[in-house]
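Q: I am new to this structure. Please take a close look at one part of it, starting from a single residue, and then say how the surroundings fit into the rest.

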Amino acid sequence: MAVSESMQGRQKNGVREIPALRIGPDFFRAFCWIASVAVVALIFWVVYQIAKVAWPAMQQFGFGFLNHSAWNPVTDNYGIVPFLFGTLMSSSIAILVALPLGLAVSIFLSEDFLPLPARQVVRFVIEMLASIPSVVYGLWGIAVLIPLVKSVGKPVASHLGRFGLFAGPVFGNSMLTASLVLALMILPTIAAISRASLASVPGTMREGAYALGSTRWETIFGVIIPTALPGIVAATILALGRAMGETMAVAMLIGNSSRFSWSLFQPAGTLASLLANQFAEADGIRINALMYAALALMFLTLLVNIAGEGVLRFAQRKTAGLK
Amino acid sequence: MPSMKLKHVYLLSTALLAVVGSTASAQMTLNGAGATFPAPLYQRWFAEYNKTHPDVQVNYQAVGSGSGIKQVIQGVVNFGASDAAMTDEEIAKVANGVVMLPMTAGSIVLAYNLPGVAELKLSRDVYAGIFLGTITNWNDAAIKKDNPTANLPDLAITVAYRSDGSGTNFVFTKHLAAISADFKTKVGEGKSVSWPAGVGGKGNDGVTSLIKQTPGTIGYVEYGYAKQNSLSMASLQNKSGNFVAPGAKSGAATLASVEFPENLRIWPSDPAGAEDYPIATFTWLLLYGKYDDAKTAATLKDIVKYGVTDGQKFADELGYIPLPDKVVKLVEAKLEKVQP
């Protein structure tokens with residue numbers, strides 16, 4: 001009886017009433033809410049935990065931590081200038097090398113220079129590069145890049161050594177070696193995401209450009225790349241983030257020095273490699289100082305993201321002709 | 001009806017508990033963590049001990065001396081291990097107290113990569129100078145003076161150091177600080193220091209690979225690693241002025257001359273004997289002064305006793321220096337301090 005009543009209730013005036021709580025949509029919405037709040041909360045939690053442990057060091061060293069260049073565990077005197085510089089330098093070189101290469105690969109793969117099956121193979125190989133563990137890149141760097149940097153570095157240093165950037169003596173485990181392996185590691189990120197955004201440029205844009213008499217060159221650089229720019233910038237930011245945070249391969253190749261040097265051929269250190277090297281055996285104020293360094297690294301990544309977002313907006317306005 | 005269901009759950013859980021409980025009482029699992037340097041030897045001991053005592057399972061995690069000490073302080077392990085023993089402040093944090101037992105020893109060698117130079121002698125000033133970055137070329141007059149017959153090349157010296165915090169750093173810098181006033185003021189001693197020259201590798205294997213990669217490199221590694229990787233090792237000048245090659249014999253000479261204090265914590269940072277190899281160190285097992293469970297205490301004591309007696313026969317083949325009898329007796333006496 002009750003059942004038939006409710007059936008009738010739902011069918012009032014021949015229109016199906018919508019029940020108050022719909023299992024599918026409402027639960028899904030709640031799930032989405034919880035998931036997104038959890039992600040945001042997690043980030044704050046991580047920052048809070050790190051900041052909590054870093055706090056004693058922040059009180060003791062203040063902002064001097066960021067412009068003081070000695071990292072001396074013996075006297076408990078800490079500053080991270082060499083590591084900040086190393087992080088920025090190695091990731092910048094990596095982007096400088098990987099961005100043109102990655103963009104070129106992605107253009108090559110999204111245009112019809114090759115028959116589709118061949119492109120699929122190249123694409124697959126590029127994406128496979130992204131799944132190689134970083135320790136393997138490190139080993140490859142030891143076997144291949146170190147001898148290469150040493151043999152190329154020696155003549156370069158002897159001719160251009162008067163410029164600080166190329167000053168000798170040449171070490172195999174150096175800033176340049178680490179930067180090059182980083183470039184290789186972020187190349188697939190840049191290539192894969194840029195390719196996806198280039199491929200999603202509507203075909204009509206291309207046809208329109210050709211219809212207006214553009215050459216292929218003009219179409220690629222005047223229409224397709226500007227349209228796909230948000231994706232390319234996003235790829236670059238993601239890649240930069242990975243380069244700044246990469247630990248294992250860098251620790252294996254950079255030579256882990258806490259001395260400041262402008263030279264590409266000298267050992268250096270990054271914030272991530274510093275943490276990897278020293279955290280396990282640290283005690284006392286050094287743990288706090290390392291956490292402070294971790295906080296600085298997080299902040300640096302945040303800055304890069306904000307800068308990337310800014311570049312992106314500027315580029316989009318420019319493309320839209322708003323300038 | 002619901003009460004019946006509850007009863008089922010209750011019965012099931014008690015049954016489960018009983019099963020878990022009975023396996024736990026039959027099988028004794030001990031957990032330890034700490035130094036990486038003695039890990040191969042400890043793991044060998046625990047495996048051998050397990051053969052004769054199948055009911056005792058010892059898990060040892062080679063997480064590093066510092067982490068081992070932390071875990072002992074937090075009370076999450078049954079025992080710890082450390083190359084740097086434990087400081088008095090660290091011991092003060094443990095309510096039950098800590099008994100430090102030297103279990104084995106090793107020497108730290110200066111391994112080098114110089115093609116064509118099979119034997120290298122380094123005097124005290126020279127190797128301190130190399131690691132200070134003041135002696136930078138292999139044809140330096142000071143090195144030539146120690147090695148008049150060697151064919152020393154005109155090649156830059158690349159110093160390879162441990163970039164991670166480690167007991168090896170601790171012992172090596174302690175020795176350098178003991179023999180060189182300059183090193184003591186400019187660099188100092190500790191598990192991590194800021195090296196004035198050279199390139200850093202992570203772990204003994206990291207330094208080993210740096211040495212192998214580049215001719216002209218010199219670095220410090222555990223004797224066992226250098227032996228396994230057949231690196232060339234330099235003879236070092238000791239306090240009495242003799243050049244001594246590293247090895248089990250010269251290491252044992254160093255250990256035999258050590259006078260232990262009451263807590264058994266000592267580093268022969270600059271041994272004086274004529275045959276002594278200058279850089280040798282003990283590595284300690286950290287036991288609590290008192291265990292809540294009598295069986296845990298008894299089993300641990302038995303394992304330690306096995307390690308310092310029968311277990312010492314594995315030391316040499318794995319690249320460690322066997323403990324002198326004098327030290328074994330001290331450890332056995334100290335072991336009695338561990339209360340059930």
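A: Helices here are DSSP runs of H or I with at least four residues, strands are runs of E with at least two, and the numbering starts at the N terminus. The model is predicted.

The starting point is B:Gly167, which sits in helix H7 of chain B, a helix covering residues 167-179. Is B:Gly167 buried or exposed? A residue is buried if 20 or more other C-beta atoms lie within 10 Å of its own. B:Gly167 has 30 C-beta neighbours inside 10 Å, so it counts as buried.

Which residues touch B:Gly167, apart from those within four places in sequence? The contacts are B:Ala35, B:Phe37, B:Ser65, B:Ser82, B:Asp83, B:Ala84 and B:Lys191. For a position outside this set, take B:Glu48: 119 residues separate B:Glu48 from B:Gly167 in sequence, and their C-alpha atoms are 26 Å apart in space.

One of the contacts, B:Ser65, leads to a second helix. B:Ser65 is among the buried residues of H3(B). H3(B) is mostly covered, with 8 of its 10 residues buried. Besides B:Ser65, the buried residues of H3(B) are B:Gly66, B:Ser67, B:Gly68, B:Ile69, B:Lys70, B:Gln71 and B:Val72. Their cover includes H7 of chain B, the helix that holds B:Gly167. The cover also includes strand S1 (28-34), strand S3 (79-82), helix H4 (88-92), S4 and strand S12 (280-288) of chain B. After H3(B) comes B:Gly75, whose phi is positive, near 75°.

H3(B) also has a place in the domain layout. Chain B is divided into domain 1, made of 28-106 and 282-335, and domain 2, made of 107-256 and 266-280. The centres of the two domains, taken over C-alpha atoms, are 28 Å apart. At their contact, 17 residues of domain 1 meet 18 residues of domain 2. On the domain 1 side, the elements that give two or more residues are helix H3 (65-74) and strand S4 (98-112) of chain B. That side has 10 nonpolar, 5 polar and 2 charged residues.

The two domains also share in a nonpolar core. The largest nonpolar core has 166 residues, and those with the most contacts inside it are A:Val181, A:Ile186, A:Ile190, A:Ala293, B:Leu110 and B:Leu286. H7(A) gives the most to this core, with 15 residues. Why is the core said to lie between the domains of chain B? Domain 1 and domain 2 of chain B both give residues to the core, so it lies between them. B:Leu110, leaving aside neighbours within four places in sequence, is in contact with B:Leu122, B:Tyr127, B:Ile218, B:Tyr220, B:Met233, B:Ala234 and B:Leu236.

As for chain B as a whole, it has 13 helices and 12 strands. Its C-alpha trace spans about 95 × 45 × 35 Å along its principal axes. Buried residues make up 48% of its 340 residues. Of the contacts in chain B with a separation of 6 or more, 72% join residues 24 or more positions apart.

Next comes the other chain. The contact between the chains takes 25 residues from chain A and 24 residues from chain B. On the chain A side, the elements that give two or more residues are strand S1 (71-72), helix H6 (134-160), helix H10 (248-253) and helix H11 (271-278). By class, this side has 13 nonpolar, 10 polar and 2 charged residues.

H7(A), named above for the core, packs against another helix. The axes of helix H4 (residues 81-110) and helix H7 (residues 175-199) of chain A come within 6 Å and cross at roughly 40°. The crossing of H4(A) and H7(A) is right-handed. The residues of this contact divide into 22 nonpolar, 8 polar and 1 charged.

Two loop residues of chain A complete the picture. Most residues other than glycine have a negative phi. A:Asp76 has a positive phi of about 55° although it is not a glycine, and A:Asn256 has a positive phi of about 40°, also without being a glycine. A:Asp76 is in the loop between S1 and strand S2 (77-78) of chain A, while A:Asn256 is in the loop between H10 and H11 of chain A. A:Asp76 counts as partly exposed, with 14 C-beta neighbours inside 10 Å, whereas A:Asn256 is buried, with 31 other C-beta atoms within 10 Å.

Note on methods:
Residues are numbered from 1 along each chain as its sequence is written. Chains are lettered from A and ligands numbered from 1 in the order in which they are written. This is a predicted model: local features need pLDDT of at least 70, side-chain atom pairs count only at pLDDT 80 or more; totals for chains, interfaces and linings use all residues. A residue is buried if 20 or more other C-beta atoms lie within 10 Å of its own, exposed if 12 or fewer, and partly exposed in between; C-beta atoms are placed from the backbone. Two residues are in contact if their C-beta atoms, placed from the backbone, lie within 7 Å. Ala, Val, Leu, Ile, Met, Phe, Trp, Tyr, Cys and Pro count as nonpolar, Asp, Glu, Lys and Arg as charged, and the others, Gly among them, as polar. Domain bounds come from an automatic or database domain assignment. Axes are lines fitted to C-alpha atoms, for helices over the stretch in contact, and angles run from 0 to 180 degrees between N-to-C directions. A crossing is left-handed if the near helix is turned anticlockwise from the far one by less than a right angle, and right-handed if clockwise. A nonpolar core is a set of buried Ala, Val, Leu, Ile, Met, Phe, Trp, Tyr and Cys residues joined through C-beta atoms within 7 Å.
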